[in-house]
Amino acid sequence: MRSVEFLHMVTTGEVALAGGKANGLWEAYKANVEVPVTLVGFPNATQLEVRMQLTNLTKFQRFAVRSSGISEDGAKGSFAGQHLTKLNVEASAVWEAVEEVRASAGQS
């Protein structure tokens, strides 16, 4: 499986691994609702893979980086909004933001 992929390229089986936020956006996309361009990074995503995908987004200058862990929301509890979200991140700083978000979710 790819480590970083655009939301519209993620399969049904993969989206379950991407977490609640990505899953919700994916469901909206599949229902023909307009959603923002979304890059999904799975837990094994590397800096190189993220940077390579960012080169496909040259028309965008700023990004939002947020957690979408599969354990954030579930029957045993909800952690929505508990992890760091970084907004207006320049492309050159996306990986640093990914590491900060991962650390806030205890995934460093």
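This is a short dialogue on reading the fold, helices, cores and largest pocket of a predicted model.

Reader: Let's start simple. How many helices and strands are there, and in what order do they run?

Author: Since this is a predicted model, take everything here as computed. The protein has four helices and six strands. Starting at the N terminus, the order is β-α-α-β-α-β-β-β-β-α.

Reader: What share of the residues is buried?

Author: Of the 108 residues in the protein, 31% are buried. For the chain's long-range character, look at contacts with a separation of 6 or more: 59% of them join residues 24 or more positions apart.

Reader: Now a helix. Which residues of α4 are buried, and where do they sit around the axis?

Author: The trick is to list the buried positions, then look at their directions from the axis. In α4, residues 94–104, the buried ones are V94, W95, A97, V98, V101 and R102. They lie on the same side of α4, because their arc around the axis is only 155 degrees.

Reader: What do they pack against?

Author: Three elements: α3 (47–54), β3 (62–66) and β6 (85–90). After the helix comes G106, with a positive phi near 70 degrees.

Reader: An arginine in that list caught my eye. Why does R102 count as buried?

Author: Here the cut-off matters: buried means under 20% relative accessible area. R102 counts as buried because its relative accessibility is 18%. It's also worth checking R102 against R66: they are 36 residues apart in sequence, with 8.8 Å between their C-alpha atoms.

Reader: Which residues of α2 are buried, and how are they arranged around its axis?

Author: Same reading, another helix. A22, W26 and A28 are the buried residues of α2. They line one face of the helix, because they fall within an arc of 160 degrees when you look down the axis. Their cover includes α1 and β2. N32 follows α2, and its phi is positive, near 65 degrees.

Reader: On to the cores. Which residues have the most contacts inside the largest nonpolar core?

Author: To read a core, ask how its buried nonpolar residues are joined through their side chains. The largest one here has 14 residues, and V50, L54, V65 and V94 have the most contacts inside it. β1 (4–6), α3, β3 and α4 each supply at least two residues of this core, and α4 gives the most, with five.

Reader: What does L54 touch?

Author: Leaving out residues up to four places away in sequence, L54 touches L39, F63, A91 and V94. There is also a second, separate core of eight residues, V10, A18, V40 and F42 among them.

Reader: Last one, and it's the one I'd set up a grid for. How much space lies in the largest pocket, and which residues are closest to its centre?

Author: Look at volume, then lining, then chemistry. The largest pocket holds about 970 Å³ of space. It is lined by 35 residues, and L39, V40, G41, V65 and R66 are the closest to its centre.

Reader: Which elements supply the lining, and how does it divide by residue type?

Author: At least two lining residues come from each of α1 (12–18), α2 (20–30), β2 (39–41), α3, β3 and α4. By type, the lining divides into 24 nonpolar, seven polar and four charged residues. Some names come up twice: V65 is among the residues closest to the pocket centre, and V65 is also among those with the most contacts inside the largest core.

Definitions and conventions:
Residues numbered from 1 in each chain as written. Predicted model: local features only at pLDDT ≥ 70, side-chain atom pairs only at ≥ 80, totals over all residues. Heavy atoms only, no water. Buried < 20%, exposed > 50% of the residue type's maximum accessible area, 1.4 Å probe, protein only. Contact = heavy atoms within 4.5 Å. 1 Å grid on protein atoms, 1.4 Å probe; cavity = no way out; pocket = protein on both sides within 12 Å on 5 of 7 lines; lining within 4 Å. Points joined across faces, edges and corners; volume = space filled by probe spheres on them. Nonpolar A, V, L, I, M, F, W, Y, C, P; charged D, E, K, R; others polar. Core = buried A, V, L, I, M, F, W, Y, C linked by side-chain atoms within 4.5 Å.
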